[in-house]
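User: Please take a close look at the empty space in this model and tell me what surrounds it. I work at the bench, so please explain your terms as you go.

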Amino acid sequence: MTVTKYSEKIYAGVLGKLIGVYLGRPVEGWSYEKIQETFDEIKYYVHDKVGAPLIVADDDISGTFGFFKALEDFDYSKDISAEDFGRTWLNYIIEDKTILWWGGLGRSTEHTAFLNLKNGISAPQSGSIEQNGRTLAEQIGAQIFIDAIAMACPGNPDLAVDLVRKAASVSHDGLALDAACHLAALQAMAFEEKDLDILFDRGIAYVQNRELIEMIEDVRQICKQERDWRKVRAYLDPKYGYGVCPGCCHMIPNHAMVVASILLGGDDFQKSISIASSAAWDTDCNAGNVGAFNGIRLGLAGIEAGLDYRSPVADRMYVVNSDGGSVVSDAVIESKKILIAAAKLAGEEAPSLSASRFSFEFPGATQGFQSCHFDHGYNTSVEVSNTNLYLEEHGLEIIVKDLADGVTASVSTPTFIDFSQIARNFSTVASPSLYSSQIVKTRVKLLNEGEVSIRPYVLYYGLDNEEAVCYAEYTPLSKEEMTLEWQVPDTGGMPIFKLGFQIQSQKKFAGSVQINSISWDGAPTQFAQRGMLMTSIWNTAPLWSASFASSAKHFAADFKQTYCVSHDEKDGLATIGTEEWKDYSVTSTCFFSLHRAGGLVARSKGHKRYYGAALNEYKEAILYKQRDEVRTVLARAPFVYEEDIGYELRLQVQGDQLRFFVDQQEIVTALDDSYTSGGAGFTISEGTMTANNFIIGK
């Protein structure tokens, strides 16, 4: 039996994770007493009550789906090592910015582990008790990042436990590893078994730590005797709570509450995540783990049995990491990645999945599409759904009422960060997924009789951070599917943050339009930012510059050129673009100040895997391949250059050919087929350079 039979449960597990995190996130860090006084019991989203957006960057989401990238990057090998997972951390984490709680050496377990990795201490030593002490090694982080790995092992708890133990040992050890493995085993088994007693009876076999075994059995026993979760928590707190466990976020109280929430919630998805969110301790972590487990076990039917948790979320998530083009994501995209990994790990051929960015394959999936907030003039109400809920085909259903001459209906989905809806709890670093000159292909049809037209549009940020719009021409629709192609107009290098569709009719219309898929391929052919774009010296980080994911310590709009890129260590990068960028050139006129080396980057997937073209130590030009900690110089040539003089650098990647031009003269060339796609940008080592433009072309 192929793993494709688990596809819907994988999607439900991803949704459950998101819903749980978003439910518990607004009260993370609150005391139990404050939660009870303010909300009594959290049964639905309370973000608006605390002045926060619903969709936020969160370590539980970014770590879960960011560190999962290790499986693909290391060829889906079951023999992937803890050291490989550590390399994944270094590739995708931007220090002091992405994924982790940057709480300091000796305070934040993950921050401490990252510093160990950065200083050459490989995993699993980086997270060991020997290296960091027991208190730090046994905090909660071991289990909050593991759900996607467990979902890639449906029905195979042995493999899930093996992979999770290696992944979690990057930062944790001891009891914390056993707790993560316990949860991973439960999630892997939940694909095929629903009975909680059976699952927990089997799951305890994956726990070796006697203290953890006794705690789990104690929680199971009290939950059999008492069904009121508040009384259960009152029993657990003096035995296992934060007051008796060392550190700021210990595994014991949180794993206890995860187990209790699952047992007391039973087959009620809403109740289980409500308990985990209401009981304090690490609310978003616990509710996220519980939501993932019960999403798998109970499926979409379980998620939908209570309140509508899905519509407000609309599949949306931020997977914040150095591969900026993968940050703005959704549950369909991430579920497809997990499904591919599950097939590969099972020794099967990868399932046949749509290559379109928006394919709406899973039941009820809307992939971020909602009624558009932008002021398009007179707009009627609009709802979104999926035709696969009642037809045997997947498609975004746009349901409109009272459409008529002069009144339109508009829906849109994120392609970049919406800075009007941003939380400051975690740094949200990203790049757009859509760019000027790319061709958007949309398969669309009308589901009801009528004279209806549609046009795509994009919303983008202008120079002064204002929102602007570009529309295509209207195209009449029919009940026969058609493919619309639209080349996105030049936005002057300004980042596109939403793709939308506007519907109109000259006569009154109430009915539905179906979009079956939306796609765009390859790199942009004409994307450019030129000259000094800063409009105020008081705003050195305008939104147009935020489209770069920067691990360079200082990356900002420049007072004279377009950008200033500065880094006091080796290899600070600032990149833009997506994994779909394949054959293209990146060009910039660069001015060098104090530095060791500086230049351009192409085909980056993270900041430790890319091709670089750099001028080095005022004496040479080099082409190189960076793969984790290993740099391979592919070609070099003598080249003497001077400080404060502009040099037009161009790196062209075409197939396996790499060509480095300076002032339109080819200086070095090389052949290498290690990387076939990825983003572009700047690299600087131990110094500063400014760049007067940034151009992506053929």
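Analyst:
**Largest cavity and its neighbours**

At least two residues of the lining of the largest cavity come from each of α5, α9 (141–144) and α11 (157–168). Helices (H or I, at least four residues) and strands (E, at least two) are DSSP runs, numbered from the N terminus. Please keep in mind that this is a predicted model, where local features need pLDDT of at least 70, side-chain atom pairs count only at pLDDT 80 or more, and totals for chains, interfaces and linings use all residues. Residues are numbered from 1 along each chain as its sequence is written, and side-chain values use heavy atoms, without hydrogens and water.

The search covered the whole structure and found three cavities of 30 Å³ or more. On a 1 Å grid over the protein atoms alone, a cavity is a set of points where a 1.4 Å probe fits but cannot get out; a pocket is an open set with protein on both sides within 12 Å along at least five of seven lines; lining residues have an atom within 4 Å of a point. Volume is the space filled by probe spheres set on the points, which are joined across faces, edges and corners.

For the largest cavity, that volume is about 90 Å³. Its walls include the aromatic names Phe67, Phe85, Trp89 and Phe145, together with Gly141, Ala142, Ile146, Ile149, Ala167, Ala168, Ser171 and His172. Sorted by class, nine of these lining residues are nonpolar, three are polar and none is charged. Here Ala, Val, Leu, Ile, Met, Phe, Trp, Tyr, Cys and Pro count as nonpolar, Asp, Glu, Lys and Arg as charged, and the others, Gly among them, as polar.

Now for the second largest cavity, with a volume of about 60 Å³. Its lining is made of Arg316, Val328, Ser329, Asp330, Ile333, Arg357, Phe358, Gln367, Gly368, Thr413 and Pro414. Two or more of these residues come from β2 and from β6 (409–414). Strand β2 provides the largest share, with three residues. The class count for this lining is four nonpolar, four polar and three charged residues.

Strand β2 turns up again in the largest pocket, which has a volume of about 1400 Å³. Among the 44 residues lining this pocket, Glu72, Lys337, Glu579, Glu580 and Lys605 are the closest to its centre. Two or more lining residues come from each of α4 (69–73), β2 (328–330) and α20 (331–345), and α20 gives the most, with seven. Charged residues number 18 in this lining, beside 14 nonpolar and 12 polar ones.

Helix α5 likewise returns, this time in the second largest pocket, which holds about 1100 Å³ of space. Closest to the centre of this pocket, out of 44 lining residues, are Lys118, Glu569, Lys570, Asp571 and Lys608. Elements that supply at least two residues here are α5 (82–92), α6 (109–118), β20 (597–604), β21 (609–616), β22 (620–627), β23 (630–638) and β27 (679–685). The most comes from α5, with four residues. By class, this lining has 14 nonpolar, 13 polar and 17 charged residues.

To place these spaces in the whole: the chain has 20 helices and 29 strands. Its C-alpha atoms fill a box of roughly 80 × 70 × 50 Å, taken along the principal axes.
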